[in-house]
Structures are given as structure tokens and as C-alpha cells.
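Reader: Hi! I'm new to looking at protein structures. Could you walk me through this one?

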Amino acid sequence: MRIHKITAVVLGVFVAVLTAASVFLPKEREYNRNAEIKIGAGDDISGLLMEETVNRLNQKYKISTTLESSSFQDCCSNTAQWALNAKEINLGFFCTHIARHTIENNKDVEIYGPVIMNGETIVYKNAWDRVQKVGVTQGREQSKALAAKTYDQIEGFNEITQKGILYAMEDEQVDAAILDVTKAAQVPGYECRPLSGTDYISYVLVADKEFARSEAFQDFICSYNEAAEMLGDTAYLAEVLGVDTQWVEEKNIKFLPLEETGVDENVNFSTGNK
């Protein structure tokens, strides 16, 4: 009888341990084999990264699922945020400010990781020591904070639409403007200054949590990493932007690889450091 009681106790403990393990230990991902890749990015350096990634997806995989890509004027626009919330896209490259706002208001999405660092620059036409009022596209809170911290001479910011920001400079409504590097490359007659004296994260990947458990997402990550490595080549990026290599080197743009195992929760999304 005593042996039977001991056996029963041991079995009971074993079952309890297995139950606890099934509840508390990390579970293997259940992959959705029928997921659709629907990615969105702004008309900026993140859009260039999206195009490179999509090209590699099309070259490498004959995807049985659908692949859609869309470009919005600016990740800070209502259209961009609506697209993710309405599940019109399941992946998007967003600036850090909008990414945080999005995940706070949508429990179905997560910041998967940082993708681009140092993606903006300050352009100006006249003497730098006369720069006091700076134009910036709407919603770029981090850009304003970095510029104000880096340059004491800046007295204020004017929020302007992306289409109107260069006109505002020409019309002398502002002395300088914070531009995405792809836009700065289109105005070679302007001088440039770095937005910050240290590295900072410009864009992160925001992913639908359910989609992040799909095989299609793993295909996306592999192609993304190949695209990031390609764009990290200074000569190639200079060719794509239509500028010389020295211009690109001065901007110190960085395309960051993404982990294939899951969200990196230890990244500081202001600096990229762990």
C-alpha cells in the first residue's frame, strides 16, 4: 500500500510539472501556411527598403500566397495608420513615434525590431549660423527633439506637409528643413547637416502578431535581410539615390538586420542599443 501511495504522489507531481511547463514555458510557433504578405512603407528611405525587399521576394520565392506592397505619402499620415489598424497591411515600416502610438492603440500588432538608422538630414540654403526656424513634416516628434538637442541655435519648428516643405524653404518661411535622405538627395544644391551627433533609429518594422507566426513572414525576414545588406553597400546606395559615394558616407545611413527568431524586446528604440 505504501508503494502505491508513493507512486501516486510521484505521478501527481510529474503531471503537475508537465501542466506548468505547458502553461509557462515558451511554445513553439504554430505557422500559418496560407498567410498573405501585405507590406506598406512611406515615400522615403523606408519605401526604398520595401522595394528592395519585395524584389528579392519575387526573385527568390514563387510564393503560393499573395504578395502586395503599398506606399503611403508619409508614415505619420492617417492613411498609413489606418492601413495597419484595418489590416489592409500586416507589415509596415514606421517612424518610432508613430510605431509606439500604434502599438499602444492596437493590441494585435508589435514592434518587431529597428530597421533604419540615421535616415534624415537637415538641409539649408544660406549661411548655417542664420538658421533659427526649421521646417519638419507633420508628426516627426523625434526629429524635432533630436535637432533641438543637437543645435542650440534652433528657436522653433514649423510643421509642413511633405509636398510643401521645400517650397517653404524657397519662400523663406523657414531657414532649414529636416528631410528624409531620399528627398535630400533630390536637392543637391542645398547644404546638409546631420540631424544628430549620435546614431538614432529612424524606422522600425511593425508587424501583425498573427502574421509574424507564418511561414510567409519568415520568407519576408530572409529577403529583408538580403535587401538591408545590399543597401548597406555605399556604392550601391549612392547609385540608387543618384548621388556620389561621399554624400552617402557623410549621412551614415544604416540598414539593420532583423532576427528570425522573434521580437527583440531589449532594444532601445531611440538609439538602437541593448
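**Strand 3 and its neighbours**

Author: Happy to! Let's begin with one pairing: L91 has A207, in strand 10, as its bridge partner. Keep in mind that this is a predicted model.

Reader: Okay! In which sense do strand 3 and strand 10 pair, and over how many bridges?

Author: Strand 3 and strand 10 (residues 201–208) pair in the antiparallel sense, over 5 bridges. Strand 3 is also joined to strand 1 (residues 37–42) by 2 bridges, and those two strands run parallel. There, G40 stands opposite G92 of strand 3.

Reader: How many residues of strand 3 are buried?

Author: Strand 3 covers residues 91–95, and 5 of its 5 residues are buried.

Reader: And which residues sit on which side?

Author: L91, F93 and C95 are on one side, while G92 and F94 are on the other. Both faces of strand 3 are covered.

Reader: Why do the residues switch sides like that?

Author: In a regular strand the side chains alternate between the two faces of the sheet.

Reader: Cool. Can we zoom out? How many helices and strands does the protein have?

Author: There are 10 helices and 11 strands. Buried residues account for 47% of the 274 residues. The protein exposes about 14900 Å², with carbon and sulfur atoms supplying 49% of that.

Reader: What about contacts between residues that are apart in sequence?

Author: If you take contacts between residues at least 6 apart in sequence, 75% of them join residues at least 24 apart.

Reader: Now the open sheet of 5 strands. What order do they come in?

Author: The order is 7-6-8-5-9, and the pairing is mixed. Strand 7 (156–160) and strand 9 (191–194) each have a single partner strand, so they stand at the edges with one side left without a neighbour in the sheet. On average, neighbouring strands here are turned by 35 degrees against each other, ignoring direction.

Reader: How do strand 6 and strand 7 pair?

Author: Strand 6 (residues 133–137) pairs with strand 7 in the parallel sense over 5 bridges. One example is G135, whose bridge partner in strand 7 is N158.

Reader: Which helix packs on the sheet?

Author: That is helix 5 (residues 141–150), which touches strand 5 (120–124), strand 6, strand 7 and strand 8 (176–180). The direction of helix 5 makes about 155 degrees with that of strand 7.

Reader: Which residues of helix 5 are buried?

Author: They are Q142, S143, K144, L146 and A147. These buried residues pack against strand 5, strand 6, strand 7 and strand 8, and also against helix 4 (96–105) and strand 10.

Reader: Switching topic: how many aromatic pairs are there?

Author: The count comes to 7 aromatic pairs. One of them is F93 with Y224, a tilted pair at 6.2 Å centre to centre, with 50 degrees between the planes.

Reader: What does that pair tie together?

Author: F93 lies in strand 3 and Y224 in helix 8 (residues 215–231), so the pair ties together parts that are 131 residues apart in sequence. F93 is buried at 0% relative accessibility, and Y224 is buried with a relative accessible area of 0%.

Reader: And why is the pair of F211 and F217 edge-to-face?

Author: Their ring planes are at 80 degrees, with the centres 5.8 Å apart, so the pair counts as edge-to-face; the cut-off for that is an angle over 60 degrees. F211 is buried at 5% relative accessible area, and F217 is buried at 0%.

Reader: Which residues do ring pairs link into a cluster?

Author: The cluster holds F93, Y112, F211, F217, F220 and Y224.

Reader: What lies over the face of W247?

Author: K251 does, at 4.0 Å from the ring centre.

Reader: Last one: which residues other than glycine have a positive phi?

Author: E172 is one of them, with phi near 60 degrees, and N252 is another, with phi near 55 degrees. E172 is in the loop between helix 6 (165–170) and strand 8, whereas N252 is in the loop between helix 10 (245–251) and strand 11 (254–255).

Reader: Is E172 buried or exposed?

Author: E172 is exposed, with a relative accessible area of 63%. N252, at 37% relative accessibility, counts as partly exposed.

Note on methods. Residues numbered from 1 in each chain as written. Predicted model: local features only at pLDDT ≥ 70, side-chain atom pairs only at ≥ 80, totals over all residues. Heavy atoms only, no water. Pairing = 2+ DSSP bridges. Helix = DSSP H or I, 4+ residues; strand = E, 2+ residues; numbered from the N terminus. Axes fitted to C-alpha atoms, helices over the stretch in contact; angles between N-to-C directions. Contact = heavy atoms within 4.5 Å. Buried < 20%, exposed > 50% of the residue type's maximum accessible area, 1.4 Å probe, protein only. Areas by Shrake-Rupley, 256 points an atom, 1.4 Å probe, with all protein chains shown as cover. Phe/Tyr/Trp six-rings, centres within 6.5 Å; stacked < 30°, edge-to-face > 60°. Lys NZ or Arg CZ within 6 Å of the ring centre and 35° of its normal.
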